[in-house]
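Colleague: Please take one close look at a single buried residue and the part of the chain that holds it. I should then like to follow, step by step, what surrounds that part.

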Amino acid sequence: MNKYQLEITSTELIIRPYFGYLPKIRIFTFLSVIIFCFVPFFTQLDYNIRYILYGIGGIMLFYAIYDFIFRGSVKFLFDKKTNSIYKIYILSIRKRLMALDEMTIINTAEYGEMAYAIGKKKKQFIKNYPISDTFSGGKKSTARETEYIENILNPILEFVNKK
């Protein structure tokens, strides 16, 4: 469960729920760099094919940058000092989401896959923030979900409920 990068101290709990995106980001970045480095040397390629490859490389690079900024680098900070939960983006940009005692954990389901999310009590279905990867109904997914509950979700609940 190292893909969630859970860190617990006496006053703070930090989780990076989208840390699993980093391998995909690296692959897309690597592929786009290869396209931009090697396509100019293929002089036998047609003009249109060359620009289609540049377009594909540009889209992959944009996708990798977007995922890095808005997913891969995102952390959730549960801070007991300020009694708040923050979403921290790249360059330490903090957004206060809710108070610790307002937090509730819900199951969200999209396209037949379930995930865990945090939200404010009484508004959890309007605005919530996923804190897990998606889980399907397969055996491996059920084992991953059980491991997530034991190693990530239970420590979060213990941290929040401990006064």
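**A helix and the strands that cover it**

Modeller: Ser141 has a relative accessible area of 5%, and because burial is assigned under 20%, this residue counts as buried. The model is a predicted one, and the description below should be read in that light. Ser141 belongs to helix H3. Leaving aside residues up to four places away in sequence, Ser141 is in contact with Phe135 and Ser136.

Let us turn to the helix as a whole. Helix H3 takes in residues 139–161, which makes 23 residues. At 1.5 Å for each residue, such a helix should span 33 Å, and the C-alpha atoms at its ends are 31 Å apart, so the expected and the computed lengths agree. Helix H3 nevertheless has a kink of about 40°, and the centre of this kink is Ile149.

Ser141 has company in its burial. The buried residues of H3 also include Glu145, Tyr148, Ile152 and Leu153. Further along the helix, Pro155, Ile156, Phe159 and Val160 are buried too. What lies over these residues? Among the elements that cover the buried residues of H3 are strand S1 (7–8), strand S2 (12–15), strand S3 (75–79), S6 and S7.

Two of these covering strands, S6 and S7, lead to an open sheet. Its three strands follow the order S6-S7-S8, with antiparallel pairing. Strand S6 (103–110) and strand S8 (128–130) are the edge strands, each pairing on one side only. On average, and with direction ignored, neighbouring strands of this sheet are turned by 40° against each other. Strand S7, residues 113–120, is joined to S8 by three bridges in the antiparallel sense. One position shows this arrangement: Gly119 faces Asn128 of S8.

The other covering strands, S2 and S3, can be followed in a similar way. These two strands pair in the antiparallel sense over four bridges, and Ile15 has Phe76 in S3 as its bridge partner. Strand S3 is mostly covered, since four of its five residues are buried.

From S3 one may continue to strand S4. The pairing of S3 with S4 is antiparallel and runs over five bridges. Lys75 stands opposite Ile88 of S4, and Asp79 has Ser84 in S4 as its bridge partner. The hairpin of these two strands has four residues between them, and Asn83 takes a positive phi near 55°. Strand S4 itself comprises residues 84–89; five of its six residues are buried, so the rest of the structure largely encloses it.

The last step leads to strand S5, which covers residues 93–99 and pairs with S4 in the antiparallel sense over six bridges. Here Ile85 stands opposite Met98 in S5. S4 and S5 also make a hairpin, with three residues between the strands; in its turn, Leu91 has a positive phi of about 65°.

To return to the starting point, Ser141 is a buried residue of helix H3, and the strands that cover the buried residues of this helix include S2, S3, S6 and S7.

Definitions and conventions: Residues are numbered from 1 along each chain as its sequence is written. This is a predicted model: local features need pLDDT of at least 70, side-chain atom pairs count only at pLDDT 80 or more; totals for chains, interfaces and linings use all residues. Side-chain values use heavy atoms; hydrogens and water are left out. Two strands pair if DSSP finds at least two bridges between them. Axes are lines fitted to C-alpha atoms, for helices over the stretch in contact, and angles run from 0 to 180 degrees between N-to-C directions. The expected span of a helix is 1.5 Å times one less than its number of residues. The bend at a residue is the angle between axes fitted to the seven residues ending there and the seven starting there. Buried means under 20% relative accessible area, exposed over 50%, partly exposed in between (1.4 Å probe, protein chains only). Contact means heavy atoms within 4.5 Å.
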